[in-house]
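Visitor: I have not looked at this one before. Can you take me through some of the strands and a helix?
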Amino acid sequence: VGLVGAGGIAGVHAAAWQTIGADTTVWSEAGAPELAARFGLARAGSFDELVAGVDVLDICTPTPSHVGYLLRGIEAGRHVVCEKPITRTVAEARLVHAAARAHGVAVYPGHVVRYFPEYAALADAVTAGRIGTPAVLRFTRAGQAPASDWFFDHAQSGGLVLDQMVHDLDQARWLAGEVVEVFAAQNPPVSAGAVPRSVVAHVVLTHRSGALSMVQGVWGPPGSEFTTSFDVSGSAGRLQYDSRLHRDLAVDLAVELVGPGTPSYLPTTAGTDPYTAQLRDFAAAFAGGPPPRVSLADGAIAVALAEAADESARTGRPVAVDESAVLDSAGLDPAGAAR
Ligand SMILES: NC(=O)c1ccc[n+]([C@@H]2O[C@H](COP(=O)([O-])OP(=O)(O)OC[C@H]3O[C@@H](n4cnc5c(N)ncnc54)[C@H](O)[C@@H]3O)[C@@H](O)[C@H]2O)c1
């Protein structure tokens, strides 16, 4: 695996690839020596050298650089994992999709929330009909704003909606299917291209089925607790999760019985870490296994939903979405489309 980038999320991917047992090489504009030392990774001297020596590229760089590295990796015939959002714009996602088809390689976006156990259990329950027909879906995601400056330049990151809320926009569509309209509000708004460092946004998705999803995202000041929740109701039941209430029992037990900072005597949970589960799913697909839980088309449509939400927040009006027009419909992967 060739890891591109050596910042916050690259470290998480490096640890996951190590758990999987992948032979990993890193190249980055900055930070590669430190990351390589931390995880015992090999280093490449340039992007081209990295590509030449690997089977799979894993792109963990700032969002605006995704499209360039994706296209160069695809054109070199490499399968690619790329962090969400797959690209900064839908137009770029179209280019990536066309290139992947032309070169016969697979590209998967890092919509890791699909691999968090609580969210995966929700999706399984909804698919099994446990709540009947989904009707009203609520998702929240809040935490301190990210560290690097590029996140606060809307042209680069797409702001809170594309960078953070894209996770739950994808969740909503995964559970309740195709989206036909988006309405959004953000406070404070993006001003002269600058994304506020403390900001809240609300996005309402109307699904083709008639179901409504309400997604709230928050970037708060340093030290803000990271929390997520969902509350999903249907014709036959309701499922709720709140990270503030439903703590991981094994972790609490270990801290309680052994003491903070002491290595746990409990079995390692690395095998169920969502980032590892995600990369394992992608690696199996690259090796000829079944398609993973998320497709390039899902990633492209998530970007389209975020673009529509941005337009709605800017204009104050609902924005119609035509999912089949995001990519040419022949390219939509039924296995990866909405459940
Ligand atoms: N799935 C998740 O949970 C999750 C979490 C955080 C970030 N992300 C996504 O991952 C991507 C990276 O975010 P991050 O928080 O790691 O950013 P970061 O700023 O912490 O790190 C970026 C890294 O890329 C390097 N870099 C910057 N520009 C480059 C370029 N043009 N070419 C090569 N290397 C370059 C930097 O030196 C740095 O090592 C973003 O798209 C972000 O949205 C996903």
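Visitor: How many bridges join β7 to β10, and do they run parallel or antiparallel?

Guide: This is a predicted model. In it, strand β7 (residues 134-144) and strand β10 (residues 212-220) run parallel, joined by nine bridges. Val136 stands opposite Leu212 in β10.

Visitor: And which way does β9 run against β10?

Guide: Antiparallel, with eight bridges between β10 and β9 (residues 199-207). Val203 has Val215 as its bridge partner in β10, and Val204 stands opposite Met214.

Visitor: What sits between β9 and β10?

Guide: Four residues, and the two strands form a hairpin. Gly210, in the turn, has a positive phi of about 105°.

Visitor: What about β8, how does that pair with β9?

Guide: Strand β8 (residues 179-187) is antiparallel to β9, over eight bridges. His207 in β9 is the bridge partner of Val179.

Visitor: Which β9 side chains are buried?

Guide: Val199, Ala201, Val203, Leu205 and His207, which point to one face. Val200, His202, Val204 and Thr206 point to the other face and are not buried.

Visitor: Why the alternation?

Guide: Because in a regular strand the side chains alternate between the two faces of the sheet.

Visitor: Switching to α6: which residues are buried there?

Guide: Helix α6 covers residues 117-127, and its buried residues are Tyr119, Ala120, Leu122, Ala123, Ala125 and Val126.

Visitor: What do they pack against?

Guide: The buried residues of α6 pack against β7, α8 (159-176), β11 (227-234) and β12 (237-242).

Visitor: And just after α6, which residue takes a positive phi?

Guide: Gly129, at about 80°.

How values were computed:
Residues are numbered from 1 along each chain as its sequence is written. This is a predicted model: local features need pLDDT of at least 70, side-chain atom pairs count only at pLDDT 80 or more; totals for chains, interfaces and linings use all residues. Side-chain values use heavy atoms; hydrogens and water are left out. Two strands pair if DSSP finds at least two bridges between them. Buried means under 20% relative accessible area, exposed over 50%, partly exposed in between (1.4 Å probe, protein chains only). Contact means heavy atoms within 4.5 Å.
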